[in-house]
Amino acid sequence: MLKKMLRKTLKTIGMLLLLVVVIIVAALVNKPTEQEKKQKEAKELTDKKLDELRDACESYVRMSVINKSTLDMSVFGSNRWLGDDGKFYVTQEFSAKNKFGLEQKFRAECIEDKDGKTDYRLVEMNGS
């Protein structure tokens with residue numbers, strides 16, 4: 001009887017030790033490398049820069065529109081990306097009425113270069 005309990009206890013301890021070893025090995029195997037950490041940091045920095053540029057682009061649009069109460073920024077007409085040239089790009093489609101009360105559609109194009117210089121453009125979208 002005592003022998004049986006001792007055997008069960010040792011089996012349980014053995015299984016717990018095996019579980020601990022498996023958890024440790026899994027943690028070590030899944031630990032991100034320095035390169036993966038740097039890539040994640042770079043992506044987070046890129047996302048932050050793109051968010052800031054999108055906000056600046058939207059502010060530029062609000063400032064540029066004549067009839068601000070008619071401004072309608074398209075939720076689905078917004079794009080942002082890091083170009084192969086290292087520049088940050090944001091586009092935002094919107095519509096607003098001009099001083100004659102006619103609705104016009106535009107696309108704001110905002111580009112920030114590596115030095116932080118930003119170029120803002122409004123392009124009228126014809127036939128949309």
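Helix α1 is hardly covered: among its 29 residues, the count of buried ones is zero, where buried means under 20% relative accessible area, exposed over 50% and partly exposed in between (1.4 Å probe, protein chains only). Helices here are DSSP runs of H or I with at least four residues, strands are runs of E with at least two, and both are numbered from the N terminus. This is a predicted model, in which local features need pLDDT of at least 70 and side-chain atom pairs count only at pLDDT 80 or more, while totals for chains, interfaces and linings use all residues. Residues are numbered from 1 along each chain as its sequence is written, and side-chain values use heavy atoms, with hydrogens and water left out.

Back to α1, then. This helix takes in residues 2-30, and its end C-alpha atoms sit 42 Å apart, which agrees with the 42 Å that 29 residues should span at 1.5 Å a residue. The expected span is 1.5 Å times one less than the number of residues in the helix. Helix α2 passes the same kind of check: its 31 residues reach 45 Å from the first C-alpha to the last, close to the 45 Å expected.

When it comes to cover, α2 has Thr46, Leu50, Leu53, Cys57, Glu58 and Val61 buried. What covers the buried residues of α2 includes β1 (72-82), β2, β3 and β4. An α-helix has 3.6 residues a turn, so residues three or four places apart point the same way.

Next comes the nonpolar core, meaning a set of buried Ala, Val, Leu, Ile, Met, Phe, Trp, Tyr and Cys residues joined through side-chain atoms within 4.5 Å. The largest one has 13 residues, and Val61 and Phe94 have the most contacts inside it. Two or more residues of this core come from each of α2 (34-64), β2 (88-97) and β3 (103-112). Setting aside residues up to four places away in sequence, Val61 touches Leu71, Met73, Phe94, Ala108 and Leu122, with contact meaning heavy atoms within 4.5 Å.

Helix α2 and strand β3 are also joined by a covalent link. A search of the whole structure turns up one disulfide, defined as a pair of cysteine sulfur atoms within 2.5 Å. This disulfide joins Cys57 to Cys110, with 1.9 Å from S to S. Cys57 lies in helix α2 and Cys110 in strand β3, so the pair, 53 residues apart, links distant parts of the chain. The link is right-handed, with 70° about the S-S bond. Cys57 counts as buried at 1% relative accessibility, and Cys110 is buried too, with a relative accessible area of 1%.

Strand β3 holds a buried charged residue as well: Glu112 is in this strand, and its relative accessible area is 11%, which means that it is buried. The side chain of Glu112 makes a polar contact with the side chain of Lys49 at 2.7 Å. Such a contact is a pair of N or O atoms within 3.5 Å; within protein, one must be able to donate a hydrogen and the other to accept it, and residues adjacent in sequence count only if both atoms are side-chain atoms. Apart from neighbours within four places in sequence, Glu112 is in contact with Lys49, Leu53, Lys87, Phe88, Lys117 and Thr118.Salt bridges are the last topic. The whole structure has twelve of them, each a side-chain nitrogen of Lys or Arg within 4 Å of a carboxyl oxygen of Asp or Glu. Asp47 and Lys43 meet in one at 3.0 Å, N to O; both lie in helix α2, four residues apart, about one turn of the helix. Asp47 is partly exposed at 25% relative accessibility, whereas Lys43 is exposed, with a relative accessible area of 52%. These two residues also belong to a network of salt bridges that links Lys43, Asp47, Asp51, Arg54 and Arg80.

Another pair, Glu58 and Arg62, meets at 3.9 Å, N to O, and these two also lie in α2, four residues apart. Glu58 is buried, with a relative accessible area of 18%, while Arg62 is partly exposed at 41%. Between strands, Glu109 and Arg121 form a salt bridge at 3.8 Å, N to O. Glu109 lies in strand β3 and Arg121 in strand β4 (residues 118-124), so the pair ties together parts that are twelve residues apart in sequence. Glu109 counts as buried at 18% relative accessibility, and Arg121 as partly exposed at 36%.
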